[in-house]
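Biologist: I should like a close look at a single part of this structure, placed in the context of the whole chain. Please take the sequence and the coordinates as the starting point.

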Amino acid sequence: MPRYVAFLRGVSPMNASMAELRTRIESAGFTDVKTVLASGNVVFNSRSASNESLQKKIEAAIAAGRGRPFSTIIRSVESLESFLEEDPFAQFKLPAKAKKVITFLREADPNPPALPIKRDDVFILTMSKGEVFSAYVPNPKKGPIFMQMLEKNFGKDITTRTLDTVKKCISA
């Protein structure tokens, strides 16, 4: 049975428990459900279906228990493994302290910006159909410039995870 990852936007320990999310997703009929970290990453098995139908089913299940959904972006574990094997970061020389991140788009961008984009220590490097590969050097003095750049270029119907988090989801 195919394995998928649901990346939920806006989840934190302050607004949702992982146990509650796991229960809600199990109630929708998904199996072998596991949460990864406390930031809205849920791995599960399901019969093959489109990402869009899985997104809707999970959002409805969460809304039924919470009264409101979290925006959900689905990727198959197989697709995540595929683009990580290609290592989209390899062609770029990044600072040693750079954090590698993947931004998931709910829908492929029909008019993507010209890439790469660099501003200060933020690098929006390349993209596939539904993922944007970026890096940034953490700087507490500059605030959330990284997320502002992503939202400016790709809208707000996105969610971002570090490369390490995505690897943990694949392994779960």
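Among contacts in the chain between residues at least 6 apart in sequence, what percentage join residues at least 24 apart? With that as background, please describe the surroundings of glutamate 131 in strand β8.

Modeller: The model is a predicted one. Of the contacts between residues at least 6 apart in sequence, 70% join residues at least 24 apart. The chain contains five helices and nine strands, and from the N terminus these follow the order β-α-β-β-α-β-α-β-β-β-β-α-β-α. Its radius of gyration is 16 Å, which agrees with the value near 16 Å for a compact globule of 172 residues. The C-alpha trace spans about 45 × 30 × 30 Å along the principal axes, and 42% of the residues count as buried.

Glutamate 131 belongs to strand β8, which covers residues 131–136. The relative accessibility of glutamate 131 is 8%, so this residue counts as buried, the cut-off being under 20%. Two polar contacts involve its side chain: one of 2.4 Å to the side chain of arginine 75, and one of 2.5 Å to the side chain of serine 128. Arginine 75 appears again when neighbours within four places in sequence are left aside, for glutamate 131 is then in contact with Arg75, Phe83, Ile102, Thr103, Phe104 and Thr126.

As for charge across the chain, there are 26 positive and 18 negative side chains, with the centres of the two sets 6 Å apart. The accessible surface amounts to about 9,100 Å², and carbon and sulfur atoms account for 50% of that area.

Technical notes. Residues are numbered from 1 along each chain as its sequence is written. This is a predicted model: local features need pLDDT of at least 70, side-chain atom pairs count only at pLDDT 80 or more; totals for chains, interfaces and linings use all residues. Side-chain values use heavy atoms; hydrogens and water are left out. Helices (H or I, at least four residues) and strands (E, at least two) are DSSP runs, numbered from the N terminus. The radius of gyration is taken over C-alpha atoms; the globule rule is 2.2 Å times the number of residues to the power 0.38. Buried means under 20% relative accessible area, exposed over 50%, partly exposed in between (1.4 Å probe, protein chains only). Contact means heavy atoms within 4.5 Å. Accessible areas come from the Shrake-Rupley method with a 1.4 Å probe; for residues, only the protein chains shown count as cover. Lys and Arg count as positive and Asp and Glu as negative; His and the chain ends are not counted. The place of a charge is taken as NZ of Lys, CZ of Arg, CG of Asp or CD of Glu. A polar contact is a pair of N or O atoms within 3.5 Å; within protein, one must be able to donate a hydrogen and the other to accept it, and residues adjacent in sequence count only if both atoms are side-chain atoms.
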